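Here are my notes from going through the model you sent over. I've kept them as numbered points, so you can follow along with the structure open.

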Amino acid sequence: MFDRIAILDWSAAGTPKTGKDSIWLAVADASGVRSENIPTRMQAEQRLMALMAEGDRLLIGVDFSLSLPAAALDRLGMDAFGLWQHLAAHHSDTDKNASNYREIAADLNQRLEGEGPFWGNGTKADIPHLPRTKPASTLPEWRACEEVARANGLTPKSCWQLAGAGSVGAQSLTGMPMIHRLREDGATVWPFDPISRVTVAEVYPSIFSAEVRAHLTRHPGMVPDQAQVEMLAQALWAINAGGSLPPPFDVEPSQEGHILGLNHEVALRAAVPTQTLPPRLRNDCFAMPQGVNWVPVDAALTKLKDALHPIKATQTIQSHQAQGRILAADAVARRSNPPRPNSAVDGYGFAHAATGEGPQKLPLVQGRAAAGQPFAGFVPQGAAVRILTGAILPDGVDTVVLEEDCALDGASVIFDGPVKPRANTRKAGEDVEAGQTAIRAGHILRAPDIALLSALGIAEVQVYQPLRVGVLSTGDEIIARPDMDALPYQIFDANRPMLLSLLNGWGYLPIDLGHCKDDPKLIVRTLNKADVDVILTSGGASAGDEDHVSHLLRTKGTLSSWRIALKPGRPLALAMWDGTPVFGLPGNPVAALVCALVFARPALSLMAGSGWAEPVGFTVPAAFEKRKKAGRREYLRARLNDQGMAEVFKSEGSGRISGLSWADGLVELPDEAAEITHGTPVKYIPYAMLGLR
């Protein structure tokens, strides 16, 4: 395992240069990734030497060929080590990037074939034995690893090319002398040498061309070379940190060398972080103003809404794989739907201007228009053409008459006029026009949305990464699983499976953090190792002797213990634990569910990127009686009867879980005093409107 990953994008530029097509160096480690633009090759080499001297285990990836095809090495009578030594002895470079690599290439050509295989003299003066254009050569153009890369859909450039786009040959002739010096300074070069504290390897950053294009749409000011080196450094670091870096190194030694990551392109691309994470939540984001004891429900919801924001990075994925994902950017139509005016029915098409009232007889032209088989010719005014549903309107056609309204005499179509202009046709873009926003950011994509994206030619969408939500239950009285034996004073854990199922239905990634007894050290270890974005706990959220969750959140985290004017579910602990938001829900299952539906659902929706989720309810007559005092909002387990009236569960006890299963929604009673009798209008919120299915 390496401590740092450095990726170098090399340049054979003849003068000091920054920006596009210059030298970029990215370094990734546990603290993140940093990149720098280096004007000259000498400065870049000094920077690598400085990194090596820091003593960490370092992997250096360079983006130029580290050898030549084996047949060329045989003719030169050298192995790769000899080639590097030869180039180091004969290559000269300056602090102004003045290199003699073209003269070295001409000398190697004489040793190999005389007028090749190196080519690409980009100077005004002729250089003997260095052709300007690609010559015929008996030497292979590609190394074996490059042949594999080409078979994998990559497009490596030839090591013989010295000028033009992708002049890898020039980069190699200026870079391999540096490789010799790095090796003399203690580095090993893979796969020619064993892996060591400092290992140099050949890499191919263009593996990430699709990711770079997507990244540059979000960061248009960034240079592509910078994006490539940062992505490759981050991807290799992520694989390295996960302990799975050795497989890309597992290749047979070859004097031609190898490209690190070849045949592991999918794993590398999957490891690329898509973009910088959004800002983390402030540690004090849940704090209520001093003096606030009882918090009204609406005030608590407003506080949450103002304090939170999306906390997930985004990624670009194929549209057909985006079911259930949240759009992070507007989806804009690439083409109109329909793309051209077309027929809405099977019938006959013609120019409306040639028709009038009474019986109309229009000669038929040869051929027909069908969906996917457009009519190639022009339909003269006064004539008609057979047309089928979905067919593009041929030139000269603006109106279609329904087949059932027509008669045929073998050469003409006859129908009664007048016909409405543009009857039975669809305009181009009448559904969605090209360039129009089809679906707004924040929308959760469903099957109909996938159909729309596909119809509009939107092959990729930018989405938020799924929100990872951990669920932890606490309490000595809790038995983790229903298949375990329970003593009379113990109860089976109902909250954790309920909340995990709830999160799954909301489209998040539920992470089971298990059950902890009332042991502060165990709870701390569990919270510390939780690899999640948000944590939901149940139990221990109040201020009793055994309420360890709230005590820990207060002493080791940042706790705002909210006393909500709500029934059921008065205590709600909101905190930050090492940067992770924690929702401490009550221990009673009914109160835990109500608090999750009322508070956690809209908050998680906002943090996931789909905006604040307002519950949608409607007014129905009550099928119950109740007198309510002022001061607290109440939620009653309810369901609609056959008359469309809301009846409520027989008991309001927070431990009566059967009432949750009996109900198909909640009745919301206002903060104010109320007297409910049969027929009184009440607000009913179906479970389905709360994401409960």
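**Notes on the predicted model**

1. Let's start at a short strand. Ile479 sits in strand β21, which covers residues 478-479. Keep in mind throughout that we're looking at a predicted model. Ile479 is buried, and its relative accessible area is 7%. With under 20% as the cut-off for buried, that 7% for Ile479 qualifies. Its C-alpha atom is 4.7 Å from that of Phe492, a residue 13 positions away along the chain.

2. Another buried residue to click on is Leu236, which you'll find in helix α8 (residues 224-241). Its relative accessible area is 3%, so Leu236 counts as buried too. Leu268 is 32 residues away along the chain, and the C-alpha atoms of Leu236 and Leu268 are 7.0 Å apart.

3. Now for the overall layout. The assignment splits the protein into domain 1 (4-64 + 199-271), domain 2 (70-183), domain 3 (314-334 + 435-464), domain 4 (342-426), domain 5 (468-608) and domain 6 (618-690). Note that domain 1 and domain 3 are each given as two segments. If you want a feel for the distances, the C-alpha centres of domain 2 and domain 6 are 80 Å apart.

4. Which strands make up the open sheet that includes β1? Six of them do, in the order β3-β2-β1-β4-β6-β5, with mixed pairing. At the edges are β3 (32-38) and β5 (188-189), and each of these pairs on one side only. β5 runs parallel to strand β6 (residues 198-202), and two bridges join them. One residue pair to look for here is Val189 with its bridge partner in β6, Val200.

5. There's a second open sheet of six strands, again with mixed pairing, and its order is β14-β11-β13-β12-β16-β15. Why is one side of β14 and of β15 left without a neighbour in this sheet? β14 (399-402) and β15 (407-408) stand at the edges and have a single partner strand each, so one side of each has no neighbouring strand in the sheet.

6. Staying with that sheet, have a look at β13, where you can follow pairing in both senses. Strand β11 (residues 347-350) pairs with strand β13 (residues 384-387) in the antiparallel sense, over four bridges. β12, in contrast, pairs with β13 in the parallel sense, over three bridges. Ile387 of β13 turns up in both pairings: it is the bridge partner of Gly347, and Ile387 is also the bridge partner of Ala369. As general background, strands of a sheet pair through backbone hydrogen bonds, either parallel or antiparallel.

7. β12 has another partner as well. Strand β12 (residues 358-369) and strand β16 (residues 412-417) are antiparallel and share six bridges. Within that pairing, Pro359 has Asp416 of β16 as its bridge partner.

8. Further along the chain, β35 (residues 681-686) is worth a stop. Strand β29 (residues 618-621) runs antiparallel to β35, with four bridges between them. Here Val620 has Val682 as its bridge partner. Strand β33 (residues 665-669) is also antiparallel to β35 and also joined to it by four bridges. In that pairing, Leu666 is matched with Ile685 of β35.

9. Two helices show their buried residues nicely if you look down the axis. In helix α11 (residues 297-307), the buried residues are Val297, Ala300, Leu301, Leu304 and Ala307. These fall within an arc of 135° seen down the axis of α11, so they line one face of the helix. Helix α5 (residues 144-151) has Cys145, Glu146 and Ala149 buried. They span an arc of only 100° around the axis, which puts them on the same side of α5. Just after α5 comes Gly153, with a positive phi near 90°.

10. Last point: how many cavities of 30 Å³ or more are there in the whole structure? The search finds one. The largest cavity holds about 30 Å³ of space. Its lining is made up of Ser11, Ala13, Lys17, Ser22, Ile23, Ile38, Pro39, Arg41 and Asn97. By type, the lining of the largest cavity has four nonpolar, three polar and two charged residues.

Notes. Residues numbered from 1 in each chain as written. Predicted model: local features only at pLDDT ≥ 70, side-chain atom pairs only at ≥ 80, totals over all residues. Heavy atoms only, no water. Buried < 20%, exposed > 50% of the residue type's maximum accessible area, 1.4 Å probe, protein only. Arc of directions from axis to C-beta. Pairing = 2+ DSSP bridges. 1 Å grid on protein atoms, 1.4 Å probe; cavity = no way out; pocket = protein on both sides within 12 Å on 5 of 7 lines; lining within 4 Å. Points joined across faces, edges and corners; volume = space filled by probe spheres on them. Nonpolar A, V, L, I, M, F, W, Y, C, P; charged D, E, K, R; others polar. Domains from an automatic or database assignment.
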